[in-house]
Amino acid sequence: MAEQKLKKQDSGIQELREKEKIRWGVLGAGRIAHTFCNDIQHSQFAELSAIASRTLEDAQNFAKIYNVPNALQGYQALYQHSNVDAIYIATPHNFHFEQASAALNAGKHVLCEKPITVTPEQCQQLIDIAQHNDCFLMEGMWSYFLPAIIKAKEWVDMGRIGKIVHIKADFGYPVKYVEGDRMYNPELAGGCLLDMGIYTLAIAQMFTRQPFNRQQSEHSIYSHRRAKTGVEDDLTVVTQYPDVTTTLACSFRARLQNSAHIIGENGYIEIPDFWRADRCSLFQLDEKIDDFHHKRAGFGFEFEIDAASKSILAGEKEAKLMPLSTSLVLQHQMHTILQGIAIR
């Protein structure tokens, strides 16, 4: 029995490797799904095969815009579709665990919009399900794959700013309070940390590679404000790691600078709009000594789409730049921060 299963898996991997492109199905027809479908046209290793929504009308309207061959009513039809190799989950994050689990259990590879889940326990369960079904799984932290972010990391690895001592990042946009809206609903994992703050945690994690544990949490400085529903709508966290101090902020109240600064002993890197970065600059004291600007064809999702597609074609189960271990670290960080502000 085990031998037959292994042969079937090997056959499936070989079949994928013989393809030139991964056939993607999109689960959900909201705003972020539009970005994915617009940018996939700039991908070398991916193509759209299906779109699924709760209503057939929504799926058909969406399919017309992007020439998607298959418009499906309901998500079960997408899980079972024979012309879909992988599924991009584009729904609100409180649905991610249930939908990603169903897709993986149906044998589909999964790229799930961030945050991949809303608790560390869900994240670990999802990783276990992916492994059990021998499927690829990745959180859609698309910032990690942007050429400008990769260039900034190269500069750091080359030692051009020396040893990192500070990381500062913020991300915020005004989000109008609407009664019952998911963004402010505690029962639907609302609050600015999971929606926007995860970007700041991710950029800090990329450059520090240090976990945020309970000891760091107890010695962190928290400044936060709560909306009337009780969720945080403005949050700043200052954390001291052994060698690096991070200052991270997110907000539903105002547009922040939305920049990241990686500061070393010998210089610093400035990344404007780091979450969607198309440029970065390298400074020594007040002098700019290097600059990188990437003119991309799409909004920026094409890079993570290609990375996920290439990994699947190669038979890999996770992405090198955004491994599942990083997703689990981010989940633990957010959980620890939310616990920290709950008692202060």
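Leu-235 touches Cys-192, Leu-193, Ser-223, His-224, Leu-248, Ala-249, Cys-250, Ile-337 and Ile-341 when residues up to four places away in sequence are not counted, a contact being heavy atoms within 4.5 Å. This is a predicted model, in which local features need pLDDT of at least 70 and side-chain atom pairs count only at pLDDT 80 or more, whereas totals for chains, interfaces and linings use all residues. Residues are numbered from 1 along each chain as its sequence is written, and side-chain values use heavy atoms, with hydrogens and water left out.

Leu-235 belongs to strand S9 (residues 232–240), where helices (H or I, at least four residues) and strands (E, at least two) are DSSP runs numbered from the N terminus. With a relative accessibility of 2%, Leu-235 counts as buried, the term meaning under 20% relative accessible area, with exposed over 50% and partly exposed in between (1.4 Å probe, protein chains only). From C-alpha to C-alpha, Leu-235 is 32 Å from Val-26, and the two are 209 residues apart in sequence.

Leu-27, in strand S1, is buried, with a relative accessible area of 0%. Leaving aside neighbours within four places in sequence, its contacts include Ala-52, Tyr-75, Ile-87, Ile-89 and Gln-99.

Strand S1 leads to the sheet, an open arrangement of six strands in the order S3-S2-S1-S4-S5-S6 with parallel pairing; two strands pair if DSSP finds at least two bridges between them. Strand S3 (70–73) and S6 stand at the edges with a single partner strand each, so one side of each is left without a neighbour in the sheet. Neighbouring strands are turned against each other by 25 degrees on average, direction ignored. Between strand S5 (residues 109–113) and S6, which run parallel, there are four bridges, and Glu-113 stands opposite Gly-140 in S6. Helix H2 lies across S1, strand S2 (46–53), strand S4 (86–89) and S5, running at about 165 degrees to S1; axes here are lines fitted to C-alpha atoms, for helices over the stretch in contact, and angles run from 0 to 180 degrees between N-to-C directions.

The aromatic side chains add a further set of links. Rings of Phe, Tyr and Trp (its six-membered ring) pair if their centres lie within 6.5 Å, and planes under 30 degrees apart count as stacked, over 60 as edge-to-face and the rest as tilted. By this rule the count comes to 16 aromatic pairs. The ring centres of Trp-24 and Phe-36 are 5.9 Å apart and their planes stand at 70 degrees, so this pair is edge-to-face. Because Trp-24 lies in strand S1 (residues 22–27) and Phe-36 in helix H2 (residues 31–39), the pair ties together parts that are twelve residues apart in sequence. Both Trp-24 and Phe-36 are buried.

Trp-142 and Phe-301 form a tilted pair, at 4.9 Å centre to centre and 50 degrees between the planes. Trp-142 lies in the loop between strand S6 (137–140) and helix H7 (147–157) and Phe-301 in helix H10 (residues 301–313), so the pair ties together parts that are 159 residues apart in sequence. Trp-142 and Phe-301 are likewise buried, and they belong to one aromatic cluster with Phe-171, Tyr-173, Tyr-199, Trp-275 and Phe-299.
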